[in-house]
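Me: I would like to learn how to read a protein structure one feature at a time. Please give me the general idea at each step, and then the case at hand.

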Amino acid sequence: MILKATVLLIALFALQRVWQLSPGFGIHSKGYIHRPGPCRTVKPIQTGSEDITLTDNGIAFISSGLRLNLCKQLFDKKIQQFTGRIYKFNFNDPGHAAVEVALPRELEKDFNPHGVSHWKDASSDELWLFVVNHRKDNDNVEVMKYNHELNSLSLVRSVQSTMFTSVNDILAVGPNSFYASNDGYFHGCLRPLEVVVGLALGSVVFFDGVTASLVVQRQSDLNSMALSKDGTRLFLTKTFEQQINIFNISKENGNLMFDRAIDVGVSIDNIYADPVSDDLWLGAHSSMFLLSQHMTNLDVKAPSKVVRVHPLGLETDRFESYELHSPFGDDGRLISGSSSAVYYQEKMLVGSISDTLVFCDIIV
Ligand SMILES: [Ca+2]
């Protein structure tokens, strides 16, 4: 009797959770085509461009070939055949294809890239690329030095931590220090259960070059991060809750103090903070339901959407008020499952989890 009542209670709780999450799945959402100007796919990328990091002089580094470490049985088998790569795209010469960057020899056989970030030395051209690598055994953060002449990466260090439970994104704040966001705890087929039951097991880890510490804990649904141009604020996206959380960064120890949330009204993935305008650019999924169908069968198209958050506040508090813009939308035929967007001088790249990369001129 007690067992039956317990099972019934759990079932009711699960139903309530599904009901709560259903708007985020966007079951009735459609993809609307909207272009800011001429848009085209960028060759040769066909196996995803999940995350993009953009230097201040218009060089984009793109992670491609992500094999999600979730329940493999739920995903299209083709995804497991993807090869992890880093591509480079030059906004100053956008007529050309993306170029593959040579990986360090140590990573050639075990490279499954997810979030990317970079750190550029202000007084020199030295550039470090930080990549979340879902290695076969665990999640690592690969810190690599970029060689401009050889278009190659050399491994500086691989950072591991027991706090890296399921790393999604990385945010470099120095040549050897970073924040890493865990989108959850469990891998494999326990992960969908973690989402449905609503376990808040995501976190943000700060690594100061020596030690790792948890700076955000017991959160669900964490995705990607970006830094304000003055380096004092961190933006963190929450996909199902359709929010950007803004934190103030402690200068002393890197701790994060929650300031406010921005409701975006669409399931957001990766975020880019434009250092010129302070605008936030978001790769978004208009329908998580169609996205899940796309990930199960890549032939099924999923809509894409880019959101731009334009701050209206004064310099001291830029996001006190803001406007939401929708510069790009697609029904999935040009690009399915948009996960990232970056902007540079009236031009834009839109990345995807497992599909193409799109370049647009912005003329409207
Ligand atoms: Ca992401």
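Reply: Let us begin with pairing: two strands are said to pair if DSSP finds at least two bridges between them. Please keep in mind throughout that this is a predicted model.

Me: How many bridges join S8 to S9, and in which sense do these strands run?

Reply: Strands of a sheet pair through backbone hydrogen bonds, and the pairing may be parallel or antiparallel. Here strand S8 (residues 139-147) and S9 run antiparallel, and seven bridges join them. To see one position of this ladder, look at Lys145, which stands opposite Ser154 in S9.

Me: Which order do the strands take in the open sheet that holds S8 and S9?

Reply: The order is S6-S7-S8-S9, four strands with antiparallel pairing. At the edges are S6 and strand S9 (152-159), each of which pairs on one side only. If direction is ignored, neighbouring strands of this sheet are turned against each other by 25° on average.

Me: How are S6 and S7 connected, and how many residues lie between them?

Reply: They form a hairpin, with six residues between the two strands. The pairing of S6 with strand S7 (residues 127-134) is antiparallel and extends over six bridges, and within it Val116 has Val131 of S7 as its bridge partner.

Me: How many residues of S6 are buried?

Reply: The step needs one cut-off, namely that a residue counts as buried if 20 or more other C-beta atoms lie within 10 Å of its own. In strand S6 (residues 113-120), six of the eight residues are buried, so the strand is largely enclosed by the rest of the structure. For the protein as a whole, 43% of the 364 residues count as buried.

Me: Which residues touch the most other members of the largest nonpolar core?

Reply: They are Phe130, Leu282 and Val342, in a core of 77 residues. S7 gives the most to this core, with five residues. A second core, of five residues, is separate from it and includes Leu290, Leu291, Met295 and Ala302.

Me: With which residues is Val342 in contact, leaving aside its neighbours within four places in sequence?

Reply: Val342 is then in contact with Ile52, Leu54, Ala60, Tyr272, Trp281, Met348 and Leu349. The same kind of bookkeeping can be done for the protein: among contacts between residues at least 6 apart in sequence, 56% join residues at least 24 apart.

Me: Where do the buried residues of H3 fall when one looks down its axis?

Reply: An α-helix has 3.6 residues a turn, so residues three or four places apart point the same way. In helix H3 (residues 288-296), the buried residues are Met288, Leu290, Leu291, His294 and Met295. Seen down the axis of H3, these residues fall within an arc of 155°, so they line one face of the helix.

Me: Which strands stand at the edges of the sheet that contains S24 and S23?

Reply: That open sheet has four strands in the order S1-S24-S23-S22, with antiparallel pairing. S1 and strand S22 (338-343) stand at its edges, and each has a single partner strand, so one side of each is left without a neighbour in the sheet. Neighbouring strands here are turned by 20° against each other on average, direction ignored. Inside the sheet, strand S23 (residues 347-352) and strand S24 (residues 358-361) run antiparallel and are joined by four bridges, with Val350 opposite Val358 in S24.

Me: Let us turn to loops; where does Pro44 lie?

Reply: Pro44 lies in the loop between strand S1 (39-41) and strand S2 (51-54). It counts as partly exposed, because it has 15 C-beta neighbours inside 10 Å. Its contacts, leaving aside neighbours within four places in sequence, are Ala97 and Ala98. Sequence separation and distance should be read side by side: Pro44 and Thr356 are 312 residues apart in sequence, and 8.5 Å apart in space, C-alpha to C-alpha.

Me: Is Tyr32 buried or exposed?

Reply: Tyr32, which lies in the loop between helix H1 (2-25) and S1, is exposed, with 12 other C-beta atoms within 10 Å.

Me: Finally, how many helices and strands are there in the protein?

Reply: There are three helices and 24 strands. The radius of gyration is 20 Å, close to the 21 Å that the globule rule gives for 364 residues, so the protein is as compact as a globular protein of that length. Along the principal axes, the C-alpha atoms fill a box of roughly 70 × 50 × 45 Å.

Key. Residues are numbered from 1 along each chain as its sequence is written. This is a predicted model: local features need pLDDT of at least 70, side-chain atom pairs count only at pLDDT 80 or more; totals for chains, interfaces and linings use all residues. A nonpolar core is a set of buried Ala, Val, Leu, Ile, Met, Phe, Trp, Tyr and Cys residues joined through C-beta atoms within 7 Å. Two residues are in contact if their C-beta atoms, placed from the backbone, lie within 7 Å. The radius of gyration is taken over C-alpha atoms; the globule rule is 2.2 Å times the number of residues to the power 0.38. Axes are lines fitted to C-alpha atoms, for helices over the stretch in contact, and angles run from 0 to 180 degrees between N-to-C directions. The arc is that of the directions from the helix axis to the C-beta atoms.
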